Amino acid sequence: MSEADNLDLIKRQIDSINFHIWEIRSVPEENFDAFSKGFDALDKAKKINYAFGIALCNLNLGMGNFVIKNDIKLALKNVNEALEIFKSLNDSKWIANTHLTLAIIHNTSANPELALYNGLRGYNYFENNTDNSHDRTMANYILGTVYKDLKKYDEAEKFYQLGLSDSELNNGAWTGRIYNGLSNIYLHQEKYNLAIESCEKALILLKSQKNKMGEARSLMDIGSIYKKQKKYDIALNYFFEGLKIRESLHLDQFSLNSLLEISETYFEFEKYEEALEQNKLAEQVALKLKLDKKLKVVYNFQANIFKKLKRYELAVESYEKLVKISNEIHQKELDSKIVNLNTDLIKEKEAEIERLKNVELKLAYELIEEKNKNILESIRYASRIQNALLPSESYIEKKIPAKKK
């Protein structure tokens, strides 16, 4: 096997692993260690300087770091590195998929503006290209979810329905999630029968696909429907079942959401001690994950629970924690803005220096051109004078006979 053939074989192996990891994002495989496979593919791709392979590895690892490791900062670093490489390769399809991945991360991290921006940037490609129904279904699901969380339910339903149409063309990997999304819309519209019907469709599909993450989502959504109907005992049964799956998969960020939902349900059920117990568990997870925005939710709700229990000193302590974390978030956002401003100013300064350099080079070039022109004109002028003063060659030949050989 030639060196070129061996290189192509390694690239195909890297692509095979990467594409498989990408395909199972919606339906994770229990006996497939995507992290170790992904790192192995990245190592191979770096050794042969395979740009596309490096980019897709980073994209997959970014999603893994977000969902499994709960490391948002590292996830964004991975995905943004992938985006820059795909841009350098001018790969429109994977630029779109990367923007959609950023939309998922920002949406789950409570950054709706960035979620919508990236969702729309990614969706533009699949709106005009019909070559990949699987990724287009994913795009419809993601944009539908972003609009749902923005409470733009008409837009959300439109994209979910488009996703269902597309899912008929592929293996339906995203169909269960879309039904979950639709049930959420119906819940907010108080169409409870439609909401439960959609959730049950999702649950059947996701169980058949052995999609534990999706199954937990369906269980939580069904619980939310019963909670809205004030059927608290039934709701809690579904919530705890969903929480159990999430904890077994070590999905701490999603477990936190379950704990908050359970705490709120107990509160509405006027079981305040139980609500406090679940809130405290949520606090532990939020502190572990350093999720400041979630801690704001925890402390605000915690203070309300203590007020109901007439433990006013503890309620004040919770409010003080809320104020402290709010100030820290504000300071971090301010520091981030200052860093971004300084970065922008540095970039502007560098651009201005480059512009001035170019201006100086242009002026220097023009000056040299002018001097060259003057020198050439002087040479031509001197040549004309010289020709005018010197006798002609024929005159010289007449006056000075040629030497005899």
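In the next few minutes I will go through the overall make-up of this chain, its cysteines, its aromatic rings and one residue in a helix.

Please keep in mind throughout that what we are looking at is a predicted model. The secondary structure of the protein chain comes to 17 helices, while the number of strands is 0. Of the 405 residues in the chain, 43% are buried, and the accessible surface amounts to about 23,700 Å², with 54% of that area belonging to carbon and sulfur atoms. If we take the contacts in the chain with a separation of 6 or more, we find that 58% of them are between residues 24 or more positions apart.

Let me turn to the cysteines. A disulfide is a covalent bond between the sulfur atoms of two cysteines, and in this model the count of disulfides is 0. Are Cys57 and Cys199 buried or exposed? Cys57 has a relative accessibility of 0%, so it counts as buried, and Cys199, also with a value of 0%, counts as buried as well.

Now for the aromatic rings. We describe a pair of such rings by the distance of the centres and the angle of the planes. How many aromatic pairs does the structure hold? There are 17 of them. One of these is formed by Tyr50 and Phe52, whose centres are 6.3 Å apart and whose planes make an angle of 50°, and this pair is tilted. Tyr50 is buried because its relative accessible area, 12%, is under the 20% cut-off, and Phe52 is buried for the same reason, with a relative accessible area of 14%.

A second example is the pair of Tyr141 and Trp174, where the centres are 5.4 Å apart and the planes stand at 35°, so this pair is tilted too. Here the pair links distant parts of the chain, since Tyr141 belongs to helix α7 (residues 133-149) and Trp174 to the loop between α8 (153-167) and α9 (175-188), with 33 residues from one to the other. Both of these residues, Tyr141 and Trp174, are buried. Coming back to Tyr50 and Phe52, ring pairs link them with Phe19, Trp22, Phe86 and Trp94 into a cluster.

Finally, I would like to look at Val316, which is found in helix α16, a helix covering residues 312-389. Because its relative accessibility is 45%, Val316 counts as partly exposed. Along the chain Val316 and Ala303 are 13 residues apart, and in space their C-alpha atoms are separated by 7.0 Å.

Notes: Residues are numbered from 1 along each chain as its sequence is written. This is a predicted model: local features need pLDDT of at least 70, side-chain atom pairs count only at pLDDT 80 or more; totals for chains, interfaces and linings use all residues. Side-chain values use heavy atoms; hydrogens and water are left out. A disulfide is a pair of cysteine sulfur atoms within 2.5 Å. Buried means under 20% relative accessible area, exposed over 50%, partly exposed in between (1.4 Å probe, protein chains only). Helices (H or I, at least four residues) and strands (E, at least two) are DSSP runs, numbered from the N terminus. Contact means heavy atoms within 4.5 Å. Accessible areas come from the Shrake-Rupley method with a 1.4 Å probe; for residues, only the protein chains shown count as cover. Rings of Phe, Tyr and Trp (its six-membered ring) pair if their centres lie within 6.5 Å; planes under 30 degrees apart count as stacked, over 60 as edge-to-face and the rest as tilted.
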